[in-house]
Amino acid sequence: MAARGVGLLTRLPLCVQRSPVQRPVHRLLSYPGTVAADLRREEQPAGSAETGSEDRTPKKRFCEVQNERREQAQRTVLIHCPSKISEKRFLKYLSQHGPINNHFFYESFGLYAVVEFHQKESVASLQSVTRTPSLGAEAAIPFRSRYFSLKLKNPSNQTSGQPSVQCSNQSSPASRKLFDLLCCAENVDDQLNTLTKELQLTEENTRLRHLTCSLIEDVAAAYFPDCAIRPFGSSVNSFGKLGCDLDMFLDLDDIGKFSAHKASGNFLMEFQVKNVPSERIASQKILSVIGECLDHFGPGCVGVQKILNARCPLVRFSHQASGFQCDLTTNNRIALRSSELLYIYGALDSRVRALVFTVRCWARAHSLTSSIPGAWITNFSLTIMVIFFLQRRSPPILPTLDYLKTLADAEDKCIIEGHNCTFVRDLNKIKPSGNTETLELLLKEFFEYFGNFAFNKNSINIRQGKEQNKPESSPLHIQNPFETSLNISKNVSQSQLQKFIDLARESAWILHQEDKGHPSPSGNQPWGLAALLLPSVANGVSLAKKKKPASERIKNLLESIKSGPENSTNTNGKRAASPQS
């Protein structure tokens, strides 16, 4: 299931009356990944997170969160259920095998239940009473997994009069709902926070992603008993959106490792192994075999493609039960390290995630990004651009990667394939920023900053947090944080970059016309973020079709506004006036 964009918010009736509305309860996915932390954050008064103030409770490291999630997933089963089922009887039946910590239902080609037991032994107990189905003329391939189908012995007696179970939502909200929520928000800051809450991964969706990786690990473990399948990218870096793909990699580093006390004596024992000419060939051979296993033996794995000649070889498939489009790679530790870095940046200040979600949503609404590979800007590039912009504020909201490296200790040192991937991993060692700028101001000045950025000569570099001369002629150059010789935006064409610049300038202009975060006085027009997500603006002309002269006029108007005493901004995107808007 490819990532879904918000879509162009066209032909939608406007929320013209801003009376108090009954808001749904939003479950936030906290950085440490705990439900308790989610509830504490929900209980904070509205607006408490707008200027980056955070709960000073010690935060867990990325690796701690991921290890907890993996262990949690190993105690969890996935069950395909009848469409009508008694939740009480269902839980009573499963409780015969041990206490249940958590469960939820969702729909994806049928009704499914995700059930987390308190102990792993409960999973083995359930497997011991599970039979291989009889398929009549067809033959079943016996595979002992944690993905089950529940059948009713007497369907007519057990389904009559049963109420439908409550299902957890696993998809992004409809454009209409999102648009209405934005129109009814109190101010632009509230709009950005509302957008983030609506689009971010829920606790249930996060559990389902880790469970899917754990189920794939069960298949790979037939060949590599000590392997691990680890999610990376949007699923774990705190910037994931409901409906995004599930990236995972096969981690074989723990295979063959031994403890020092086991190597005592005069002998050293080694495994007999096959040798191949290179790591790349080894990855291709391993993924080829795992791909065949998923295709032939993996329950729920469909549409398996082995894309082994790509720069990073991978196996792509759909996991039908969860609805995720999955990409499996191996030997991809730099990607996991990048996920951890983004996780840290997202956890340092609540404004970071709100800005990233908003800019990504804005880009998708105007077709600046696409789920199809091509000359478009990627979500990863946009995220790095937001981080870079926040490093350029005065005072900075985010530290540079080089600064995070200076805080690292010996335990944090990390060299992968000759690349220095070292940075501090303990969030509690990083001093929070004293910057108190509002989200409204930051969004406006993000568009101003990149609407006037010298892309023709400068490169974006979050290691040092400053503009540098471009080392190559690509229209957009964003340095890879770890593989510093690579440009993560090398695919972007000049026409797509110019489209981004034009849209950024005009979006800044729209925000400048807003009355300091309040809706337009007439009350019958979309305002703030809602206006930015519309494909048509002033005079009903599409932003994407605006010509360069119009964009230049917007640039001149912005410069005239910025020259005023209330809005003076230097070329580094830093406000010279008070940081409070």
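1. In what order do the strands of the open sheet of 5 strands stand? This is a predicted model, and in it the order is E5-E6-E9-E8-E7. Pairing across the sheet is mixed.

2. The edges come next. They belong to E5 (228-232) and E7. Each has a single partner strand, so one side of each is left without a neighbour in the sheet. From one strand to the next, the twist averages 25°.

3. Two helices pack on this sheet. Helix H9, residues 279-297, touches E6 (246-251), E7, E8 and E9. The direction of H9 makes about 160° with that of E7. Helix H10, residues 333-348, touches E5 and E6. Its direction makes about 45° with that of E5.

4. Now the E7 end of the sheet. Strands of a sheet pair through backbone hydrogen bonds, either parallel or antiparallel. E7 (residues 301-307) and E8 (residues 314-319) take the antiparallel sense, over 5 bridges. One register point to check on screen: Val 302 has Ser 318 in E8 as its bridge partner. The two strands form a hairpin, with 6 residues between them.

5. E8 also pairs on to E9 (residues 324-330). Again the strands run antiparallel, joined by 5 bridges. Here His 319 stands opposite Phe 324 of E9. This pair makes a hairpin too, with 4 residues between the strands. Look at Gly 323 in that hairpin: its phi is positive, near 85°.

6. Which residues have the most contacts inside the largest nonpolar core? They are Tyr 345, Trp 362, Leu 390, Phe 447, Phe 450, Phe 455 and Phe 500. The core itself has 86 residues. Apart from it lies another core, of 32 residues. Leu 78, Tyr 106, Leu 208 and Cys 301 are among its members.

7. Tyr 345 deserves a closer look. Neighbours within four places in sequence are left aside here. Beyond those, Tyr 345 is in contact with Val 352, Ile 387, Gln 391 and Leu 398, among others. Its contacts also include Pro 399, Thr 400, Leu 401, Leu 404 and Ile 462.

Notes. Residues numbered from 1 in each chain as written. Predicted model: local features only at pLDDT ≥ 70, side-chain atom pairs only at ≥ 80, totals over all residues. Heavy atoms only, no water. Pairing = 2+ DSSP bridges. Core = buried A, V, L, I, M, F, W, Y, C linked by side-chain atoms within 4.5 Å. Buried < 20%, exposed > 50% of the residue type's maximum accessible area, 1.4 Å probe, protein only. Contact = heavy atoms within 4.5 Å. Axes fitted to C-alpha atoms, helices over the stretch in contact; angles between N-to-C directions.
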